[in-house]
Amino acid sequence: MRIDVLAKGALAKLRQAEPPSSVSNRRFLVGCAEFFLWLSGFGLFLFLAETGINQRAVAGLTIIVLYCVLLVVTRRSRLSVAITLMLTLTVWAVSKAKMAYLGTPLVFGDLVNMVGYNLWWVLSQYSLLAAATGVGITAFVTLLGWLVTRRGKRLSIVTVCAAVVVAVYLVSPISRLSRTVYFWDQNFDNTAAALSTFTASAVWWWGSGGNVVTIYDVADQPLGDPLGSAEETSLGPKPNIFMVLDESVFDPRVLGLPIEDEVAEYFQPSGGLSGSLSVNVHGGGTWVSEFAVMSGLDTRIFGDKAYYLSTLMEKRLHHSLIHVLKSQGYKTIVVYCVNGSFMNAENFYRSIGVQEFFVPTQAADKRHLRNFRDSELYDYALERMSLTAGTEGDGPVFVLVATISNHGPHSFNRVPEDAFPDSRDWLARNVQDPDLQEYHEYYLRLRQSFEDYRNLKSELASRYKRRPTLLVRFGDHHPKFTKGLEFPDRSVPRSSLFATYFAIEAINGDLAARPEWGSGPLDIAYLSTVVLDSAGLAKDQIFETRKRLMESCAGRYFECRDALKARLHRTLLDRGYLEVDRVELAEIDSKPEFHP
């Protein structure tokens, strides 16, 4: 006879000899101990992962509701608790990863509008993140399979009904409390609440109608007669426009950080027009800055949908910088640094009239962004210009090049060790704080970009001698590491973390105009207006109005209280230049509850 059979028999006899009440008491005590452990674990998680009373309340209610829903579905208590824990930890881990790479927590809209376009490309770029994702999915599926196959006691219908009641009862307080939880990291809190943030965004997304696009601050009446003559002011042929989106680049001096005198020319080229550019994102969200430049609109007037406009506004924006340039005979080209499907970039640009969209990184079969420097993208763009047009006898060309060399993270060295020895020595003497090591890497990449920029200017000057070129450069946002810096100058305001730069130069010609807006930073929504003015191109009523707003509001858009702004929005809607789902006449607050 087998030993295991004898053991099972002996164990059965012991159980039969044991009084039923003793067995019941022991099971009760074990159940209480298990419940206490689960409760302690979730409590510790809420305390460590969430910040503030409201955040912890929303997160706690979320866990209870999730457990009750799972209990209704599975009718197994332990399985429901385990799945609740796994889902909670998953949201927390993904949110922390997004914070690490983009500086913003996970929100429900990301699942709807970002994952489908970006997930596989992002994982292909970050091997560590891809590995962590693979391990997490494997562990999740394995544990779930093990739990499902275990035999467990099904709960009674009374328990299930009670779970339904609890879940329904808690939905209302979750909705109320969610309105007090900001899901955008406006205060740059490194411990941004993950679970409560995600819940708050889900509640708001559902309550606002899903992917319904709302525009705020719209007047009852449109604009009146045109404000300007809309005539060209350029003296010669229309200039080519070479625009550079300078990824993660800002002028370090806005944070009190030093730069070499030579590098200062990068931000303030002699003879050009330059200044501080106010953007709406930090550490990530390049597409937000792109939409603002192309549309001439501050993305914040779209409320909580501002982060997804490149996806939601495809084929719904019919007046932009591209539209105006095409109406004046320009060929339009975009040279992009990442996959064209990223945040729906190619579809969006083509929907506003971009004729050619290229991704040279794909053509070169180099998947990792760290392999590319600005010069490679510039060379490709110059080649496309030569093939398209751009000489005196041909029509003018507009080219947008999105660079990538200063994209984060800045915790590893991308610049060759033997490059820029003078700048390395200068950093060693002038930036000795060990907490500024990421700034060292940023600065060396900036030094490399400066070299590539000088070569680009030389190429444009030699290739297009009889047609001037307007070289426009701007930073889309700060790199993420600036958020945690201890500034050398303690008086630096946190708003400086939203200040990048812009610079406009005329090559083989002169700037047709030098628009003014005061001494403050220029809002990124006005950059396209400044470009048209500097190029001497005709501006229609929309852009003439933007110029007047820029002057009357000292370069500010969102905070501008000029009544023309709301009338401008009404005109865009009435003329079909802008298509949205919902219109709000009221102004949006400077810090509304749900918008970036």
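**Figure 1. Strand β7, with its two faces and its two partners.** Thr469, Leu471, Arg473 and Gly475 point one way from β7, while Leu470, Val472 and Phe474 point the other way, and every one of these residues is buried. The model shown here and in the other views is a predicted one. Strand β7 spans residues 469-475, and 7 of its 7 residues are buried, so the rest of the structure largely encloses this strand. To find the first partner, look for strand β2 (residues 240-246), which runs parallel to β7 and is joined to it by 7 bridges. A handy landmark in this pairing is Val244, which stands opposite Arg473 of β7. The other partner in this view is strand β8 (residues 499-507), which runs antiparallel to β7 and is linked to it by 6 bridges. Here the pair to pick out is Leu471 with Glu505, the latter in β8, standing opposite one another.

**Figure 2. Glu260, in the loop that follows β2.** Moving on from β2, we come to Glu260, which sits in the loop between β2 and α10 (261-267). Is Glu260 buried or exposed? With a relative accessible area of 14%, Glu260 is buried, because the cut-off for burial is under 20%. Setting aside neighbours within four places in sequence, Glu260 is in contact with Asp422, Ser423, Trp426, Tyr443 and Arg447. One of these, Ser423, also shares a polar contact of 2.8 Å with Glu260, side chain to side chain. Another of them, Arg447, is 187 residues away from Glu260 along the chain, yet their C-alpha atoms are separated by 9.6 Å.

**Figure 3. Helix α11 and the serine at its end.** Helix α11 covers residues 286-295, and 10 of its 10 residues are buried. Among them are Trp287, Glu290, Phe291 and Met294. Zoom in on Ser295, which also belongs to α11 and counts as buried because its relative accessibility is 0%. What does the side chain of Ser295 reach at 2.7 Å? That partner is the backbone oxygen of Phe291. At 3.1 Å, the side chain of Ser295 also reaches the backbone nitrogen of Leu297. Between Ser295 and Leu297 comes Gly296, just after α11, with a positive phi of about 75°. Not counting residues up to four places away in sequence, Ser295 touches Leu317, His319, Ser320 and Arg546.

**Figure 4. Helices α20 and α21, side by side.** Arg546, touched by Ser295 in the previous view, is also one of the contact residues here. The axes of α20 (residues 541-552) and α21 (residues 563-574) come within 10 Å of each other and cross at roughly 165°. The two helices are therefore roughly antiparallel, and their crossing is left-handed. On the α20 side, the contact is made by Ile542, Thr545, Arg546, Arg548 and Leu549, and on the α21 side by Leu564, Lys565, Leu568, Thr571 and Leu572. If you are wondering about the spacing along such a list, an α-helix has 3.6 residues a turn, so residues three or four places apart point the same way.

**Figure 5. Helices α3 and α8, another left-handed pair.** Helix α3 (residues 53-74) and helix α8 (residues 157-178) have axes that come within 8 Å and cross at roughly 155°. That angle is over 145 degrees, so α3 counts as roughly antiparallel to α8. The crossing of α3 past α8 is left-handed. On α3, the residues that meet α8 include Asn54, Val58, Leu61, Val65, Cys68 and Val72. On α8, those that meet α3 include Thr159, Ala163, Val166, Leu170, Pro173 and Leu177.

**Figure 6. Glu584, in the segment after β10.** Our last close-up goes to Glu584, placed in the segment after β10 (582-583). With a relative accessible area of 30%, Glu584 is partly exposed. Which residues does Glu584 contact, leaving aside neighbours within four places in sequence? They are Thr214, Ile215, Tyr216, Asp217 and Val218. Phe302 makes a useful reference point as well: Phe302 and Glu584 are 282 residues apart in sequence and 9.9 Å apart in space, C-alpha to C-alpha. For the wider setting of these views, the protein has 21 helices and 10 strands, and buried residues make up 52% of its 596 residues.

Terms used
Residues numbered from 1 in each chain as written. Predicted model: local features only at pLDDT ≥ 70, side-chain atom pairs only at ≥ 80, totals over all residues. Heavy atoms only, no water. Buried < 20%, exposed > 50% of the residue type's maximum accessible area, 1.4 Å probe, protein only. Helix = DSSP H or I, 4+ residues; strand = E, 2+ residues; numbered from the N terminus. Polar contact = N/O pair within 3.5 Å; in protein donor to acceptor, adjacent residues only side chain to side chain. Contact = heavy atoms within 4.5 Å. Pairing = 2+ DSSP bridges. Axes fitted to C-alpha atoms, helices over the stretch in contact; angles between N-to-C directions. Parallel < 35°, antiparallel > 145°, perpendicular 65-115°, else oblique. Left-handed = near helix turned anticlockwise from the far one by under 90°.
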